[in-house]
Amino acid sequence: MAALTYHLTTFGCQMNEHDSERIDGLLESLGYSPAAGPDEADLILLNTCSIRESADRRLATQLGNAKRFKAARPGVVVGVGGCWAQSLKQEVFERYPFVDVAFGPGQVDQLGEFLLADSIEAQGYFEFDGFTADLPMRAVQSAQAWMQISVGCNQKCSYCIVPSTRGLEVSRPFNDLVAEAKVLVARGAREITLLGQNVNSYGRDLRPDRRTFSELLTAVDAVDGLDRLRYTSPHPQDMGAEVVAAHVALPSLCEHIHLPLQSGSSRILKAMRRTYDRERYLGRVAMIRDAVPDISLTTDIIVGFPGETEEDFQQTLDLVSEVQFDAAYTFIYSARRDTEAALITEGVVPAELASERIGRLIELVQENAELRAQRFVGRSVEVLVEGPSRTDPDRVRGRTRHNKPVNFSGLAKAGELVDVEIESATSTSLRGHATMLASALR
Ligand code: SF4
C-alpha cells in the first residue's frame, strides 16, 4: 500500500508558520509524507489567516484548486485550519461543501487525535483551545511527542474509508516502539501519545510474538524519564479490563480516555457497523469509572447518519447526559465515496435538520463539560507547560493530566511541570495560579 501524502499551505503570521511546522511533524509521525504539490496529495491542508485581504484572495485561489483536485480524485481529504476557519466555523462547509474538516488554530497535538479519530470521515468543525506558536519547532523535540504504533484498521465502519485506503491493521514491532520512546525521552519528550486507528487492537498481527496494547503501555511507561503517557483512539469493542487496569497501575498513564461513541442509538450503531451497542458502550464507561472514578472521558459523535430519527438522536442526547463527557468532537455525517453508507438512499437527514440537531448536541456537551470541569476548582493539578497564554501575555498555558487546557499566573517555561491551584473552570479550560514547579519535587 502506498504511503499517504499531504500538502500543507500556510498563510499569514509567524504563529501559523510555527503551527505548520508542528503539523508537518505530526503528519510525518502518522506516516504521511510530503507531496510535491496539492495535485498529488491525499490530504490537502490550508492553514489560514483572516487578517490580510491578500491572504484571503490567495486562499480563495487555493480552495478553488483543492476543489478541482478533489473532483479529479474524490478520495482526497481537504482540511482548512487557522483563524479564517475559526471565524467561519460551520459556515466553511456552507460556502465550500468540498471541505472535509475545518479547525481553529491551536493545539496541534489534538490534530493527531482528530486525524485518527473516526471523525475525519465526517464533515465537521472542531475548535482547538490555544496556540502552539510558542512550542519548540520540529527540529527541536517538543516536551510532547507522538508515536504511531500501527497503520490501517480491521474494523468495517460503514461510513469510513480508512479500511479501503489504509488496509488492514499492521502493528509496528514492539521493540522498535520501546526504543523510539527512549529516543524521544532522551531528546526532551516528557509526554508521549501513542497513535493508531484502533490502538487497543495493537499487536494482534505480530508473529510469532503477539503482543497486547497493555504490554506496550507497560513497556513505554517503564522508560526512564517519561512523565506522561497517552493514547488515541481506542475502539469501544476492544477496550478491555487490562487497559483500564493499566490506568490504575502505571504512573505515567494519564487520567484521560477518548472513547469514540458516534451514536447513542443501538439501531444507528448497527447501521454504522460499530460492533457495539448502547449498553456495551455504557458498560465500558462503567468499567472505566469503577477503576478510575476521576478520569476524563471524551468522545466523537456523528449526527445525521442516514436513518437517524428524532428518537435515535434523543437516545444520543440521553447517553451524553448519562455519561457526562468532559468534551466531545461533534460532526455532521457526510457521505464518503466508496463507503457502504454512501449507498444508503433512504432516511437521508436533511442538512438543516442535521444542523439543528448538532446545535442541540453541542449545547448539551458544553453544559456537561462545564459541570464536569468544576471538580477541578480548588484542586492542585500538575500542568505540563506549553508556553505563554495567547490572550494574556502575563499568564502561562499548559495541559493537565486529564487533558484540560489551563491558563495560569506564575513563571514557568515550556516543557516544565508545574503544580497549579485551580480557581475557576469553563467547559473548555481551567484558570489558576502556579504554586510550585512539580518537577522540583521529583
Ligand atoms: S474503527 Fe471504524 S471509523 Fe475508525 S478507522 Fe476503523 S473503520 Fe474507520
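Axes here are lines fitted to C-alpha atoms, for helices over the stretch in contact, and angles between N-to-C directions run from 0 to 180 degrees. With that in hand, take helix H7, residues 174-186. H7 lies across strands S7 and S10 and runs at about 165° to S7. The model is a predicted one.

Now look at the sheet beneath this contact. It is open and has 3 strands, in the order S7-S10-S11, with parallel pairing. S7 (144-148) and S11 (228-232) are the edge strands, and each pairs on one side only. Neighbouring strands of this sheet are turned by 25° against each other on average, direction ignored. S10 covers residues 191-195 and is joined to S11 by 5 bridges, the two running parallel. Within S11, Tyr 231 is the residue that stands opposite Leu 194.

Next comes the core. The largest nonpolar core holds 110 residues. Met 147, Ala 181, Ile 192 and Val 303 touch the most other members. Follow Met 147 outward. Leaving aside residues up to four places away in sequence, Met 147 touches Ser 29, Leu 177, Glu 180, Ala 181, Leu 184, Ile 192, Leu 194 and Leu 195. Two of the core residues named above, Ala 181 and Ile 192, are among these contacts.

Turn to another sheet. This open sheet of 3 strands has the order S12-S13-S14, again with parallel pairing. S12 (256-258) and S14 (327-332) stand at the edges with a single partner strand each, so one side of each has no neighbour in the sheet. On average, neighbouring strands here are turned by 10° against each other, direction ignored. S12 pairs with S13 (residues 296-303) in the parallel sense over 3 bridges. One of the partnerships links His 258 to Thr 298 in S13. Helix H13, residues 351-373, packs on this sheet and touches S13 and S14. The direction of H13 makes about 175° with that of S14.

H13 also has a helical partner. Helix H12 (residues 310-323) packs with H13 at an angle of about 10°, and their axes are 10 Å apart. Angles under 35 degrees count as roughly parallel, so H12 is roughly parallel to H13. From H12, the contact uses Phe 313, Thr 316, Leu 317, Val 320 and Ser 321. From H13 come Arg 357, Arg 360, Leu 361, Leu 364, Val 365 and Asn 368. What is the make-up of the contact of H12 with H13 in nonpolar, polar and charged residues? The contact divides into 6 nonpolar, 3 polar and 2 charged residues.

Technical notes:
Residues are numbered from 1 along each chain as its sequence is written. This is a predicted model: local features need pLDDT of at least 70, side-chain atom pairs count only at pLDDT 80 or more; totals for chains, interfaces and linings use all residues. A nonpolar core is a set of buried Ala, Val, Leu, Ile, Met, Phe, Trp, Tyr and Cys residues joined through C-beta atoms within 7 Å. A residue is buried if 20 or more other C-beta atoms lie within 10 Å of its own, exposed if 12 or fewer, and partly exposed in between; C-beta atoms are placed from the backbone. Two residues are in contact if their C-beta atoms, placed from the backbone, lie within 7 Å. Two strands pair if DSSP finds at least two bridges between them. Helices (H or I, at least four residues) and strands (E, at least two) are DSSP runs, numbered from the N terminus. Angles under 35 degrees count as roughly parallel, over 145 as roughly antiparallel, 65 to 115 as roughly perpendicular and the rest as oblique. Ala, Val, Leu, Ile, Met, Phe, Trp, Tyr, Cys and Pro count as nonpolar, Asp, Glu, Lys and Arg as charged, and the others, Gly among them, as polar.
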